[in-house]
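Could you walk me through the local features of this protein model? A friendly tour of its contacts, charged pairs and pockets would be welcome.

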Amino acid sequence: MYIVSSCLAGINCRYDGGNNLNEKVIKLVKEGKAIPVCPEMLGGLKIPRVPAEIVKNEDGKRKVINKNGEDVTTEFIKGAMKTVAIAKILEADKAVMKKNSPSCGYGKIYDGTFSNSLVEGNGITIELLIENGVEIITVDDLA
Ligand code: SF4
């Protein structure tokens with residue numbers, strides 16, 4: 001079983017109320033092989049919402065700050081924990097998540113400057129999924 005980013009399954013859960021529909025992900029969901037989850041919704045954030053990016057403190061700790069300068073780390077962590085809980089209930093051992101997102105991004109994420117620049121790193125949910133043994137697969141890797 002897979003879990004997949006809800007926005008890839010065509011659900012309008014992005015910060016701007018849009019989605020990132022991907023036909024390969026839709027196929028997985030229709031075949032009953034994948035369940036969509038949106039960590040930011042699960043964390044209690046709304047649609048639409050102010051976009052957020054991950055920044056590092058002076059001590060190297062990561063936090064999530066939105067474009068208005070508000071700290072939304074708690075919501076992101078809550079969403080990550082709920083996503084992992086759902087993955088465990090479903091016994092999902094794979095996840096297909098939306099790239100570059102501060103929640104769902106794998107390998108590359110936005111750099112915290114809101115300038116469309118990417119740095120190496122994983123979103124908050126991805127880190128927790130990996131820690132819990134879930135394999136992350138990119139959309140490009142799907143058949
Ligand atoms: Fe998509 Fe993940 Fe952002 Fe939700 S948190 S909108 S699933 S990228």
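What follows is a short report on selected residues, salt bridges, a helix and two pockets.

## Leu42 and its surroundings

The model is predicted, and a good place to begin is Leu42, a residue of helix H2 (residues 39-42). Leu42 has a relative accessible area of 26%. That value is not under 20%, the cut-off for buried, and not over 50%, the cut-off for exposed, so Leu42 counts as partly exposed.

Which residues does Leu42 touch, leaving aside its neighbours within four places in sequence? The contacts are with Val37, Lys78, Gly79, Lys82, Thr83 and Ile86. Gly79 deserves a second look in the viewer: Leu42 and Gly79 are 37 residues apart in sequence, yet their C-alpha atoms are 4.7 Å apart in space.

## Salt bridges

How many salt bridges does the model have? The count comes to 5. One of them joins Asp16 to Arg14, with the closest N and O atoms 2.5 Å apart. Both partners are partly exposed: Asp16 has a relative accessible area of 39%, and Arg14 has one of 26%.

Another pair is Lys33 and Glu31, whose closest N and O atoms are 3.1 Å apart. Lys33 is partly exposed at 41% relative accessible area, and Glu31 is partly exposed at 39%. This pair also belongs to a wider arrangement, since a network of salt bridges links Lys27, Glu31 and Lys33. Further along the chain, Asp93 forms a salt bridge with Lys94, and here the closest N and O atoms are 4.0 Å apart. Asp93 counts as partly exposed at 39% relative accessibility, and Lys94 is partly exposed as well, at 25%.

## Helix H4 and the residue after it

Helix H4 covers residues 124-131, and its buried residues are Ile124, Thr125, Ile126 and Leu129. An α-helix has 3.6 residues a turn, so residues three or four places apart point the same way. With that in mind, try picking out Ile126 and Leu129, two of the buried residues of H4, as you turn the model.

Just after H4 comes a backbone detail to check: Gly133 takes a positive phi of about 85°.

## The largest pocket

Rolling a probe the size of a water molecule over the atoms shows where empty space is left. The largest pocket has a volume of about 570 Å³. Its lining is made up of 27 residues, and those nearest the centre of the pocket are Tyr15, Pro51, Ser101, Pro102 and Tyr110. Two elements, H2 and strand E3 (52-56), give two or more residues to this lining. H2 is also the helix in which Leu42 is found.

What is the make-up of the lining of the largest pocket by class? The residues divide into 12 nonpolar, 8 polar and 7 charged.

## The second largest pocket

The second largest pocket holds about 160 Å³ of space. Leu8, Met97, Lys98, Lys99 and Tyr106 line this pocket, together with Ile136, Ile137, Thr138, Val139 and Asp140. By class, the lining has 6 nonpolar, 1 polar and 3 charged residues. For the charged part of the lining, look for Lys98, Lys99 and Asp140; Thr138 is the polar residue.

Methods: Residues numbered from 1 in each chain as written. Predicted model: local features only at pLDDT ≥ 70, side-chain atom pairs only at ≥ 80, totals over all residues. Heavy atoms only, no water. Helix = DSSP H or I, 4+ residues; strand = E, 2+ residues; numbered from the N terminus. Buried < 20%, exposed > 50% of the residue type's maximum accessible area, 1.4 Å probe, protein only. Contact = heavy atoms within 4.5 Å. Salt bridge = Lys/Arg side-chain N within 4 Å of Asp/Glu carboxyl O. 1 Å grid on protein atoms, 1.4 Å probe; cavity = no way out; pocket = protein on both sides within 12 Å on 5 of 7 lines; lining within 4 Å. Points joined across faces, edges and corners; volume = space filled by probe spheres on them.
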